[in-house]
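Welcome! Here are some short exercises for getting to know a structure, each with a worked solution. Try each task before reading on.

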Amino acid sequence: MPIKCMKCNKDAIIFQKYSGMHLCRKHFIEDVERKIKLTIRKQYNVEKGDIIAVALSGGKDSIVLLHILHKIFSKRRDVEIVAITIDEGIEGYREVTLEKARKLTSELGIRHIVRSFKDEYDKTLDELVAQERELGACSYCGVLRKSLMNKIANEIGATKLATGHNLDDEAQTIMMNHLGGDVERMIRLSPPRALEGLVLRAKPLRKVPEKEIALYAIVNDLPFDMSECPYAHEALRGEVRDMINDFEVRHPGTKYSIMRGFDKMVGILGKEFPQASLTDCRVCGEPCTAELCQACKLLGRS
Ligand code: SF4
Ligand code: ZN
């Protein structure tokens, strides 16, 4: 006999070990959306005239993020949502996710901006990685994508920038910083404050586990791509992910505990590590803490 939803007695589609709840399709969707709305409210107020830029890769997280933000804000005429996709130039991978991103934005009638590393930096990520053996692909990709995303968000006058980091991503990043002993960097991960030149960032999915994001995308029939970036195996993140997933199976709620502990630390240590003041990079003009931004350093610009 199928297990029943604990809220309505319909057939359950998920068991949340960490909460002890069996939920049907309707109540599962409600639960995911409730967590996301609460997170948005905690991170910032959406105000009249806001332009919310959404980093849309075409993977499940960003597809769910755009779908939900559209669901929440599309009735508000005083708020605009704009999707931004960065094409890093990863052969055989980005083309597929880009197609999913285009499909969703056209279905929802959302303005979609696509820009590439090739246009911006004159090289694709594949070309950069083939040339420079010093650092892994993710180091280049992460820094350059973040910089370009902020630049585009500023160009379109965005007041907020939402990214699709989920609970698993957050727990992994926190744990990686713990393992590296990098407290300062960890505190800088904390909910951002408004800084000149940096569009205010938010992570509305940070309280939803990755598996639930995938299930939400499936039950809502959203067009997302499951393929993995060919460079993903390089990252230390994979090892940390397996370790945390193993703990989560044996001790349900571990991922939430890691995040809760981090949020408490930020409350206590935030004053010890005040946000560094920003200046304009002397080459590209993007905000940074030194004379030259990370992106320009990686590209060998001087
Ligand atoms: Fe970029 Fe690394 Fe993510 Fe691939 S896995 S998209 S290289 S950050
Ligand atoms: Zn620069």
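**Exercise 1.** Which residues are the protein donors of the zinc ion (ligand 2)?

*Solution.* Keep in mind that this is a predicted model.

- Step 1: Look for the protein atoms that hold the metal. The SG atoms of Cys-281, Cys-284, Cys-293 and Cys-296 are the donors, lying 2.3 Å from the zinc ion (ligand 2).
- Step 2: Check the angles. Among the four donor atoms of the zinc ion (ligand 2) they run from 107 to 113 degrees, and the site is tetrahedral. The cut-off asks for all angles to lie between 85 and 135 degrees.
- Step 3: Read the donors of the zinc ion (ligand 2) along the chain, where their spacing is C-x2-C-x8-C-x2-C.
- Step 4: Find where two of them sit. Cys-281 is in the loop between strand S8 (279-280) and strand S9 (287-288), while Cys-296, 15 residues apart from it, belongs to helix H12 (residues 294-298), so this pair links distant parts of the chain. Cys-281 and Cys-296 are both buried.

**Exercise 2.** Which strands do bridges join to S4?

*Solution.*

- Step 1: Start with strand S3 (residues 51-55), which runs parallel to S4 and is joined to it by five bridges. Ile-52 has Ile-81 in S4 as its bridge partner.
- Step 2: Turn to strand S5 (residues 111-116), also parallel to S4 and joined to it by six bridges. Here Ile-86 stands opposite Arg-115 in S5.
- Step 3: Follow the chain between the strands. From S4 it crosses through helix H3 (residues 94-108) to S5 in a right-handed β-α-β crossover. S3, helix H2 (residues 60-73) and S4 also make a right-handed β-α-β unit.
- Step 4: Ask how enclosed S4 (residues 80-87) is. Because six of its eight residues are buried, the strand is largely enclosed by the rest of the structure.

**Exercise 3.** Are the rings of Phe-117 and Tyr-121 stacked or edge-to-face?

*Solution.*

- Step 1: Count the aromatic pairs; there are two.
- Step 2: Take Phe-117 and Tyr-121. Their ring centres are 5.4 Å apart and their planes stand at 70 degrees, so this pair is edge-to-face; planes over 60 degrees apart count that way.
- Step 3: Place the pair on the chain. Phe-117 and Tyr-121 lie four residues apart in helix H4 (residues 117-121), so about one helical turn separates them.
- Step 4: Check burial. Phe-117 is buried, with a relative accessible area of 0%, and Tyr-121 is buried at 10%.

**Exercise 4.** Over which ring does the charged end of Arg-250 sit?

*Solution.* The charged end of Arg-250 is placed over the ring of Phe-247, 5.5 Å from the ring's centre.

Note on methods: Residues are numbered from 1 along each chain as its sequence is written. Chains are lettered from A and ligands numbered from 1 in the order in which they are written. This is a predicted model: local features need pLDDT of at least 70, side-chain atom pairs count only at pLDDT 80 or more; totals for chains, interfaces and linings use all residues. Side-chain values use heavy atoms; hydrogens and water are left out. Rings of Phe, Tyr and Trp (its six-membered ring) pair if their centres lie within 6.5 Å; planes under 30 degrees apart count as stacked, over 60 as edge-to-face and the rest as tilted. Helices (H or I, at least four residues) and strands (E, at least two) are DSSP runs, numbered from the N terminus. Buried means under 20% relative accessible area, exposed over 50%, partly exposed in between (1.4 Å probe, protein chains only). A charge sits over a ring if NZ of Lys or CZ of Arg is within 6 Å of the ring centre and within 35 degrees of the ring normal. Donors are N, O and S atoms within 2.8 Å of the metal (3.2 Å for Na, K and Ca); water is not among the atoms, so sites may look incomplete. Four donors count as tetrahedral if all angles lie between 85 and 135 degrees; four count as square planar and six as octahedral if opposite donors are over 155 degrees apart and all others between 65 and 115; anything else is irregular. Two strands pair if DSSP finds at least two bridges between them. A crossover is right-handed if, with the strands pointing away from the viewer, the path from the first strand over the helix to the second runs clockwise.
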